[in-house]
Amino acid sequence: MSRGPHPHSPIPAQPEPPGPADAGTPAETPLLSVHAAVVFLAAVIIGLVMGGLMFLHNKSVPAAVAAGLVAAGGSVPVLHKLID
């Protein structure tokens with residue numbers, strides 16, 4: 001008079017089928033974090049504005065490029081600390 005497996009008998013463990021090793025994670029990691037992308041984008045905008053203003057003032061392309069590069073380079077560490 002057996003009515004199937006005993007309710008307290010252990011259930012045989014069946015191994016789960018192997019899945020992809022990186023399931024749930026992106027295939028590639030991003031090149032830049034969102035924080036770094038925002039900092040660099042803001043620095044580029046600051047550099048373009050400063051370069052444009054310098055060009056309107058002096059009408060000199062080399063001076064405008066130099067001012068834009070200095071402004072963009074100088075703003076990266078400040079933006080890195082400000083933008084969190």
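## The buried face of α2

Let's start inside the second helix: Ala64, Gly68, Ala71, Ala72, Ser75 and Leu79 are the residues of α2 that are buried. What do these buried residues pack against? Their partner is α1. Please keep in mind as you look around that this is a predicted model.

## The chain as a whole

Stepping back, the protein chain contains two helices and zero strands. Of its 84 residues, buried ones make up 13%. The surface that the chain exposes comes to about 7,300 Å², and 71% of that is supplied by carbon and sulfur atoms.

How do contacts spread along the sequence? If you take the contacts between residues at least 6 apart in sequence, 63% of them join residues at least 24 apart.

## Length and kink of α2

The second helix runs over residues 61-82. With 22 residues at 1.5 Å each, α2 should span 32 Å, and its end C-alpha atoms lie 31 Å apart, so the expected and computed values agree.

Where in α2 should you look for a kink? You will find it at Val76, with an angle of about 35°, shortly before the proline Pro77. Two of the buried residues mentioned above, Ser75 and Leu79, also belong to this helix.

## A nonpolar patch on the surface

Now turn to the outside of the model. A nonpolar patch is formed there by Leu41, Ile45, Ile46, Val49, Met50, Leu53, Phe55, Leu56, Val61, Val65 and Leu69, which together have about 1,000 Å² of accessible area. Both α1, covering residues 34-58, and α2 give two or more residues to this patch. The largest share, eight residues, is from α1.

Ile46 is a handy member to examine, and its place is in helix α1. Is Ile46 buried or exposed, or something in between? Its relative accessible area is 32%, so Ile46 counts as partly exposed, since that class lies between the 20% limit for buried and the 50% limit for exposed.

## Asp84, after the second helix

Finally, have a look at Asp84, which sits in the segment after α2. Asp84 has a relative accessible area of 94% and is therefore exposed, the cut-off for that class being over 50%.

Which distance links Asp84 to His35? Their C-alpha atoms are separated by 7.2 Å, although the two residues are 49 residues apart along the chain.

Conventions:
Residues numbered from 1 in each chain as written. Predicted model: local features only at pLDDT ≥ 70, side-chain atom pairs only at ≥ 80, totals over all residues. Heavy atoms only, no water. Helix = DSSP H or I, 4+ residues; strand = E, 2+ residues; numbered from the N terminus. Buried < 20%, exposed > 50% of the residue type's maximum accessible area, 1.4 Å probe, protein only. Patch = residues over 30% accessible without salt bridge, like charges linked within 9 Å, V, L, I, M, F, W, Y side chains within 5 Å. Areas by Shrake-Rupley, 256 points an atom, 1.4 Å probe, with all protein chains shown as cover. Salt bridge = Lys/Arg side-chain N within 4 Å of Asp/Glu carboxyl O. Expected span 1.5 Å × (residues − 1). Bend = angle between axes of the 7 residues up to and from the residue. Contact = heavy atoms within 4.5 Å.
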